[in-house]
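Subject: Structure for you to look at

Hello,

Here is the structure I said I would pass on. Please open it first and then read the notes below with the model in view.

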Amino acid sequence: MLIDGPSLLALAVVLGAIVYYVFFRNVWLARRMKPLVELLDAGTARLEGGRLSGKYAGKRAWFEYHAQTRAGPAAMRIGVSCGASFSFRIHKQAESLQPAERACLENLEEGSLDAVKSGDPLWDSELALAAEGEASFRRWVNRPDVHEAVGTIALRPLTTILLCKDGALWAVYPGASAEAVFQDRFAREALGELVSLSETLA
């Protein structure tokens, strides 16, 4: 079946728009990721699509940018490898989140997690905790050094979702919070905090 002239022109316009979008999005993202590349160990950085991978202080590390879609807002994720034997998610209570941030939370794929209480009244009133392997998680999260580190990350003004799964610890910054990660100073501090926390999950 032959395609008529107007249909062929419309197809060419659509394909051109897709190529234009993909090309310029990648160029834009490469420029935005440049300060993050410089945080990683020399010679280890690799950028593919929205994912920058490499090593930080010898540990596997990732920056992942997820563009805004109908299902949720843009989000930036920082991840580092860890040796956790359990999965978990920690974030501010849903009523403290903006609608777009709640949408991002709903789109996270972290498997089957059960709601958990830490036993700290302040935390349990401000944070939502969920884990697979509740006993191990509670022992870990209630260690004084861990409790302080997690509180620093999860209770900061910028919305942060801590997520641990499949041997990696992630800090997810949805919506407007994603922009902060592109700033060298914030990204360096956030990555350093995450690496320190990951070392408690050996």
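The accessible surface of the protein chain comes to about 10900 Å², and carbon and sulfur atoms hold 56% of that area. Please keep in mind that this is a predicted model. The chain has 202 residues, of which 45% are buried. Of the contacts with a separation of 6 or more, 60% are between residues 24 or more positions apart.

On confidence: the mean pLDDT of the protein chain is 82, and 83% of the residues score at least 70. Helix H1 (residues 5–37) has the lowest mean pLDDT among the elements, at 61, while S2 has the highest, at 93.

The sheet

The protein chain contains 7 helices and 9 strands. In what order do the 9 strands lie in the open sheet? The order is S1-S2-S3-S4-S9-S8-S5-S7-S6, and the pairing is antiparallel. Strand S1 (46–48) and strand S6 (114–116) are the edge strands, each pairing on one side only. On average, neighbouring strands of this sheet are turned by 20° against each other, with direction ignored.

You can walk through part of the sheet strand by strand. S3 and S4 form an antiparallel pair with 6 bridges, and phenylalanine 63 stands opposite isoleucine 78 in S4. S9 is joined to S8 by 5 bridges, again antiparallel. The hairpin of S8 and S9 has 2 residues between the strands, and aspartate 166 there takes a positive phi near 50°.

S8 also pairs with S5, antiparallel, over 3 bridges. Leucine 163 is a useful residue to find here. Leucine 163 in S8 is the bridge partner of arginine 89, and the bridge partner of leucine 163 in S9 is tryptophan 170. Next to that, isoleucine 90 stands opposite leucine 162 in S8. From S5 you can step on to S7, which is joined to S5 by 6 bridges and runs antiparallel to it. Histidine 91 has alanine 128 in S7 as its bridge partner.

Both S5 and S8 are mostly covered: 6 of the 6 residues of S5 are buried, as are 4 of the 5 residues of S8. As background for reading any sheet, side chains in a regular strand alternate between the two faces.

Helices across the sheet

Helix H5 (residues 144–154) lies across S5, strand S7 (127–132) and strand S8 (161–165), and runs at about 50° to S5. Helix H7 (residues 184–198) lies across strand S2 (51–56), S3, S4, S8 and S9, at about 40° to S4.

Aromatic rings

There are 9 aromatic pairs in the structure. Why does the pair of tryptophan 62 and tryptophan 170 count as stacked? The ring centres of tryptophan 62 and tryptophan 170 are 5.6 Å apart and the planes are at 25°, so the pair is stacked; the cut-off for stacking is under 30 degrees. This pair links distant parts of the chain, since tryptophan 62 is in strand S3 (residues 59–66) and tryptophan 170 is in strand S9 (residues 168–174), 108 residues apart. Both tryptophan 62 and tryptophan 170 are buried.

The rings of phenylalanine 86 and phenylalanine 137 have centres 6.2 Å apart and planes at 80°, so this pair is edge-to-face. This pair also links distant parts of the chain. Phenylalanine 86 is in the loop between strand S4 (75–81) and strand S5 (87–92), and phenylalanine 137 is in helix H4 (residues 134–141), 51 residues apart. Phenylalanine 86 and phenylalanine 137 are both buried. One aromatic cluster is formed by Phe86, Phe88, Phe137 and Trp140.

One residue to check

Is serine 53 buried or exposed? Serine 53 lies in strand S2. Its relative accessibility is 14%, and so serine 53 counts as buried, the cut-off being under 20%. Apart from neighbours within four places in sequence, serine 53 is in contact with Leu40, Thr44, Ala45, Arg46, Arg60, Ala61 and Trp62. The last of these, Trp62, belongs to the stacked pair described above.

Regards

Technical notes. Residues are numbered from 1 along each chain as its sequence is written. Side-chain values use heavy atoms; hydrogens and water are left out. Buried means under 20% relative accessible area, exposed over 50%, partly exposed in between (1.4 Å probe, protein chains only). Contact means heavy atoms within 4.5 Å. Accessible areas come from the Shrake-Rupley method with a 1.4 Å probe; for residues, only the protein chains shown count as cover. Rings of Phe, Tyr and Trp (its six-membered ring) pair if their centres lie within 6.5 Å; planes under 30 degrees apart count as stacked, over 60 as edge-to-face and the rest as tilted. Two strands pair if DSSP finds at least two bridges between them. Axes are lines fitted to C-alpha atoms, for helices over the stretch in contact, and angles run from 0 to 180 degrees between N-to-C directions. pLDDT is the predictor's confidence in each residue, from 0 to 100.
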